[in-house]
Amino acid sequence: MSLAQTPSQTVGPYFQIGLAWAYRADLFPALPAHDARRIAVEGQLFDGEGAPIVDALLELWQADPEGRFATSADAADGLGGFGRVPTDGRGAFRFETLKPGRAPSGGGSPAHATGAPHINVVVSMRGLLRPVSTRIYFPDDLDHAHDPVLLRVPAERRHTLVAQPSSARTLRWDVRMQGADETVFFDY
């Protein structure tokens with residue numbers, strides 16, 4: 001007897017098997033590991049019941065500290081702003097980066113033509129036929145008040161997008177796919 005795969009089975013769990021070669025937990029690998037500007041972002045991915053989601057993948061894209069996004073030539077030189085990290089057996093992830101500068105927002109008033117520093121995140125996991133997109137914002141940033149994307153999020157839900165300090169150079173940001181405190185996801 002032969003069993004055929006159904007569409008719901010084709011999504012995963014393949015991230016640990018097929019994409020390990022593409023993982024990049026350091027978004028700026030050309031900089032020395034001891035660079036004082038480096039920060040780590042760590043967290044966990046949870047389902048609607050609060051259980052950790054293992055074998056998921058987060059893709060990360062951000063501007064550099066001057067607010068510029070890397071070109072393909074920059075990427076070839078090891079400069080970056082791009083990363084790809086899996087979740088482990090506890091649904092945990094961790095990556096290193098630099099706080100991005102204010103990047104063009106694509107909207108808003110000319111007086112605030114840049115958005116608040118943030119990291120774009122795409123989450124892929126088994127059971128999702130289409131990845132979801134969200135952002136990580138940095139705590140206590142005065143630019144939050146003028147960010148055109150963040151301002152579209154209801155005030156009571158914005159906290160799901162803001163990482164919190166857990167030590168001097170580490171931020172904590174958890175992703176909740178459903179339920180209470182569900183992370184805000186965007187349609188692009």
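**View 1. D64 and R68 pair up through their side chains in this predicted model.** The two side chains meet in a salt bridge, with 3.2 Å from N to O. The partners sit in unlike surroundings: D64 comes out at 13% relative accessibility and counts as buried, whereas R68 has a relative accessible area of 51% and is exposed. The cut-off for buried is under 20%, so D64 with its 13% falls on that side. R68 also reaches a second acid, E66, in a salt bridge of 3.6 Å, again N to O. Here both partners, R68 and E66, are exposed. The model is a prediction, and that goes for every view below.

**View 2. D88 and R90 form another salt bridge.** Their closest N and O atoms are 3.7 Å apart. D88 is partly exposed at 34% relative accessibility, while R90, with a relative accessible area of 53%, is exposed. Elsewhere, D26, R38 and E96 are joined into one network by salt bridges that share partners. If you'd like the overall tally, the structure holds 13 salt bridges.

**View 3. D35 sits in a loop and has a backbone contact.** Look for D35 between α1 (15-18) and β1 (38-46), in the loop that links them. With 14% relative accessibility, D35 counts as buried. A polar atom of the D35 side chain lies 2.8 Å from the backbone nitrogen of R37.

**View 4. β1 is mostly covered and pairs with β4, β8 and β9.** Of the 9 residues in β1, 8 are buried. Its pairing with β4 (residues 92-98) is antiparallel and rests on 7 bridges; to find your place, start from Q44, whose bridge partner in β4 is A92. With β8 (residues 170-172), β1 runs parallel, and 3 bridges join the two. V41 is the residue to pick out here, standing opposite L171 in β8. A parallel pairing also links β1 to β9 (residues 175-176), this time through 2 bridges. On that side, F46 has R176 of β9 as its bridge partner.

**View 5. Four strands make an open sheet.** Reading across, the order is β3-β2-β5-β6, with antiparallel pairing. β3 (82-86) and β6 (132-137) stand at the edges with a single partner strand each, so one side of each has no neighbour in the sheet. On average, neighbouring strands of this sheet are turned by 25 degrees against each other, direction ignored. Inside the sheet, β2 (residues 57-62) and β5 (residues 118-124) run antiparallel and are joined by 6 bridges. A handy landmark in β2 and β5 is E59, which stands opposite V122 in β5.

**View 6. Stepping back, the protein has 2 helices and 9 strands.** From the N terminus on, the elements go α-β-β-α-β-β-β-β-β-β-β. The protein has 188 residues, and 41% of them are buried. Among contacts between residues at least 6 apart in sequence, 69% join residues at least 24 apart. The exposed area is about 10,300 Å², with carbon and sulfur atoms supplying 57% of it.

Definitions and conventions:
Residues numbered from 1 in each chain as written. Predicted model: local features only at pLDDT ≥ 70, side-chain atom pairs only at ≥ 80, totals over all residues. Heavy atoms only, no water. Pairing = 2+ DSSP bridges. Axes fitted to C-alpha atoms, helices over the stretch in contact; angles between N-to-C directions. Salt bridge = Lys/Arg side-chain N within 4 Å of Asp/Glu carboxyl O. Buried < 20%, exposed > 50% of the residue type's maximum accessible area, 1.4 Å probe, protein only. Polar contact = N/O pair within 3.5 Å; in protein donor to acceptor, adjacent residues only side chain to side chain. Contact = heavy atoms within 4.5 Å. Areas by Shrake-Rupley, 256 points an atom, 1.4 Å probe, with all protein chains shown as cover.
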